[in-house]
Amino acid sequence: MISRPRRSVLAMPGSNARALEKGKTLAADVLMFELEDGVAEAAKEAAREQVVAAVKGGGYGSREIVVRVNVFDSPWYAADIAAVAAAGPDAIVVPKANSRDDILRAARDMKAAGAPAHTTLWAMIETPRALFDIEKIASATQEAPLSAMMLGPNDIAKSTRARLTPGRPALVAWLSASVLAARLHNVDIIDGIYNDFNDLEGLRREAEQGRDLGMDGKMLIHPGQIATVNEVFAPSPAEIEFARKIVELFDAPENTAIGVAQIDGRMVERLHLDGARRTLALSGAP
Ligand SMILES: CC(C)(COP(=O)(O)OP(=O)(O)OC[C@H]1O[C@@H](n2cnc3c(N)ncnc32)[C@H](O)[C@@H]1OP(=O)(O)O)[C@@H](O)C(=O)NCCC(=O)NCCSC(=O)C[C@H](O)C(=O)O
Ligand SMILES: [Mg+2]
């Protein structure tokens, strides 16, 4: 399956009207309107109203709009899911998802609130339980409209005491397990945020690491991070050109009996065709 680009997922507090408006002009593939940890308790209700109005008001063009609600056992969850689902964003993000049942519960709640068919679910992976059971969480896509999982490094660091150091050695095993689970169940996997938003070189290194581990994109906290991450997760001109050659080779009617060949000195097999088509689709190339 060829999914839509989710290179950059920019979070913005639902309480910040200026950010919600500015999102209409930013080049992020996805905007995440935040109701959970990025919103103070005193501002929860006002933020919910503002986010629902923004989702209903639209004006965000082709950007995917997702809303992160509060956790199940909070005083705000029930009202969040009811109001947000009825507004019909592209997805509702379940924070601190811990199990397949959590996703099924959110799916039931969303449906009961009248969510339209296009609204899917994303799961935040940010607890020790979720890191152990990530494959089970991803498997919820068999019964619920789960379309993506997203890592939460700040909560992971808080709950495990792992440190977010350069190269993320403490997290690499968990990042890779997340990629495996996502691929097994055909959902997208989005890498977590880089807190030091003024350090674009550090952001680039971490985004490249996530991309090379197999991530589909990265969550962001500041508009200044978008261009770097869009560039890192977009196929390069050389990758697009190589993909085009693979597709041309294996799609040619005279080559139907060919399973392996060489292009520019590199061996290519028919198994590379799907990846090449995905590269072209994500690049927007015909
Ligand atoms: C981190 C910030 C609080 C910094 O905000 P600010 O001091 O306003 O930054 P700037 O002055 O540099 O802003 C310049 C202009 O850009 C706009 N802006 C800033 N951030 C955003 C944004 N996220 N979305 C849209 N627009 C943004 C400012 O309004 C300025 O605009 P202008 O008026 O035109 O000059 C702030 O960046 C911020 O709040 N970031 C997001 C925080 C957030 O949403 N947190 C929750 C998600 S993080 C997460 O999920 C962690 C995870 O759960 C885990 O466990 O790891
Ligand atoms: Mg978190």
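These are short exercises with worked solutions on a predicted model.

**Exercise 1. Strand 2**

Task: Determine how many residues of strand 2 are buried, and which way each one points.

Solution:
- Strand 2 covers residues 30-34, and 5 of the 5 are buried.
- Strand 2 is therefore largely enclosed by the rest of the structure.
- Now sort the side chains. Val30, Met32 and Glu34 point one way. Leu31 and Phe33 point the other way.
- Side chains in a regular strand alternate between the two faces of the sheet.

**Exercise 2. Partners and crossovers**

Task: Find how strand 2 pairs with strand 1 and with strand 3, and trace the chain between them.

Solution:
- Begin with strand 1, residues 8-13. Strand 1 pairs with strand 2 in the parallel sense, over 5 bridges.
- Leucine 10 is opposite leucine 31 of strand 2.
- From strand 1 the chain passes through helix 1 (residues 17-22) to strand 2, a right-handed β-α-β crossover.
- Turn to strand 3, residues 64-68. Strand 3 and strand 2 are also joined by 5 bridges in the parallel sense.
- Here valine 30 has glutamate 64 as its bridge partner.
- The route from strand 2 to strand 3 goes through helix 2 (residues 44-57), and this β-α-β crossover is right-handed.

**Exercise 3. The shell around ligand 1**

Task: State which elements supply the shell around ligand 1, and which residue classes make it up.

Solution:
- The surroundings of ligand 1 hold 21 residues; Ala19, Gly38, Gly152, Asn154 and Asp155 come nearest.
- Assign elements. Strand 1, helix 1 and helix 7 (153-160) each supply at least two residues.
- Strand 1 gives the most, with 4 residues.
- Sort by class: 9 nonpolar, 6 polar and 6 charged residues.

**Exercise 4. Two annotated positions**

Task: Locate Arg68 and Glu126, which an unreviewed UniProt entry lists under "binding site". Are arginine 68 and glutamate 126 buried or exposed?

Solution:
- Compare sequence and space. The two positions span 59 residues in sequence, yet their C-alpha atoms are no more than 13.7 Å apart, so they gather at one spot.
- Place arginine 68: it lies in strand 3.
- Count its neighbours. Arginine 68 has 25 other C-beta atoms within 10 Å, so it is buried; the cut-off is 20 or more.
- Beyond four places in sequence, arginine 68 touches Met32, Glu34, Leu35, Glu36, Val93 and Pro95.
- Place glutamate 126: it sits in the loop between strand 5 (120-125) and helix 5 (128-132).
- Glutamate 126 has 25 C-beta neighbours inside 10 Å and counts as buried.
- Leaving aside neighbours within four places in sequence, glutamate 126 contacts Lys96, Leu151, Gly152, Asp155 and Ile156.
- Link back to Exercise 3: Gly152 and Asp155 are among the residues that come nearest to ligand 1.

Conventions
Residues are numbered from 1 along each chain as its sequence is written. Chains are lettered from A and ligands numbered from 1 in the order in which they are written. This is a predicted model: local features need pLDDT of at least 70, side-chain atom pairs count only at pLDDT 80 or more; totals for chains, interfaces and linings use all residues. A residue is buried if 20 or more other C-beta atoms lie within 10 Å of its own, exposed if 12 or fewer, and partly exposed in between; C-beta atoms are placed from the backbone. Two strands pair if DSSP finds at least two bridges between them. A crossover is right-handed if, with the strands pointing away from the viewer, the path from the first strand over the helix to the second runs clockwise. A residue is near a molecule or strand if its C-beta atom, placed from the backbone, lies within 6 Å of it. Ala, Val, Leu, Ile, Met, Phe, Trp, Tyr, Cys and Pro count as nonpolar, Asp, Glu, Lys and Arg as charged, and the others, Gly among them, as polar. UniProt positions are given in the numbering used here, feature names are shortened, and annotations may be inferred rather than shown by experiment. Two residues are in contact if their C-beta atoms, placed from the backbone, lie within 7 Å.
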